[in-house]
Amino acid sequence: QVQVVESGGGLVQAGGSLRLSCAASGRSFSPYDMGWYRQAPGKEREFVASINWSTSSTRYADSVRGRSTNSRDNAKNTVYLQMNSPKPEETAIYYCNTFGQATIAATTYWGQGTQVTVSS
């Protein structure tokens with residue numbers, strides 16, 4: 001199990017920007033694809049973005065495509081999510097985890113996440 005530490009969240013105004021980071025703890029991300037997920041109050045956890053370990057190809061949820069950039073630095077065992085022009089409805093706890101290993105519902109390990117609050 002890849003353990004992670006998410007950071008970079010905080011309070012941001014709608015239309016602003018912020019960058020989330022996710023660092024591996026205890027072992028490398030290699031060779032896993034990594035994903036970003038979020039859970040808003042009262043809602044289920046949902047997929048946000050993913051990045052392939054070897055090619056760095058990315059996927060995005062429709063809701064963030066065009067406004068977010070997922071990147072990774074394998075040497076630093078860190079993945080990033082750049083969020084531009086966030087919306088108030090994107091207020092949530094953001095998590096990173098491996099991607100493609102299991103469904104969100106079946107995933108048992110989650111880090112502590114990082115809270116993102118978007119003010120209008």
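Colour the protein by burial to begin: of its 120 residues, 40% count as buried (buried means under 20% relative accessible area, exposed over 50%, partly exposed in between, with a 1.4 Å probe and protein chains only). What you have open is a predicted model, where local features need pLDDT of at least 70, side-chain atom pairs count only at pLDDT 80 or more, and totals for chains, interfaces and linings use all residues. Residues are numbered from 1 along each chain as its sequence is written, and side-chain values use heavy atoms, with hydrogens and water left out.

**The whole protein**

Switch to a cartoon view. You'll find 10 strands and zero helices (both are DSSP runs numbered from the N terminus: helices are H or I with at least four residues, strands are E with at least two). Now show the C-alpha trace, which spans about 40 × 25 × 25 Å along its principal axes. The radius of gyration is 13 Å, which agrees with the value near 14 Å for a compact globule of 120 residues (taken over C-alpha atoms; the globule rule is 2.2 Å times the number of residues to the power 0.38).

**The four-stranded sheet**

Select β1, β3, β8 and β7, in that order: they form an open sheet with antiparallel pairing (two strands pair if DSSP finds at least two bridges between them). At its edges sit β1 (3–7) and β7 (68–73), each pairing on one side only. Neighbouring strands here are turned by 20° against each other on average, direction ignored (axes are lines fitted to C-alpha atoms, for helices over the stretch in contact, and angles run from 0 to 180 degrees between N-to-C directions).

Zoom in on β1 and turn on side chains. Val4 and Glu6 point to one face and are buried, while Gln3, Val5 and Ser7 point to the other and are not. In a regular strand, side chains alternate between the two faces of the sheet.

Next door is β3 (residues 17–25), which runs antiparallel to β1 and is joined to it by five bridges. To see one bridge pair, pick Glu6 and its partner Cys22 in β3.

Stay in β3 and click Ser21. Is Ser21 buried or exposed? Ser21 is buried, because its relative accessible area is 17%. Leaving out residues up to four places away in sequence, Ser21 touches Val5, Glu6, Ser7, Trp36, Thr78, Val79 and Tyr80 (contact means heavy atoms within 4.5 Å).

Then go across to β7 and β8 (residues 78–84), an antiparallel pair with six bridges. Asp73 has Thr78 of β8 as its bridge partner.

**The six-stranded sheet**

Select β2, β10, β9, β4, β5 and β6: in that order they make an open sheet with mixed pairing. The edge strands are β2 (10–13) and β6 (58–60), each with pairing on one side only. On average, neighbouring strands of this sheet are turned by 25° against each other, direction ignored. Inside it, β4 and β9 pair antiparallel over six bridges; pick Met34 and you'll find its bridge partner, Thr98, in β9.

**The core**

Last stop: Val4, Leu20, Trp36, Leu81 and Tyr94, the residues with the most contacts inside the largest nonpolar core, which has 25 residues (such a core is a set of buried Ala, Val, Leu, Ile, Met, Phe, Trp, Tyr and Cys residues joined through side-chain atoms within 4.5 Å). Elements giving two or more residues to this core are β3, β4 (34–39), β5 (46–51), β8, β9 (92–98) and β10 (114–119). Finish on Leu81: not counting residues up to four places away in sequence, its contacts include Leu18, Leu20, Trp36, Val48 and Tyr94.
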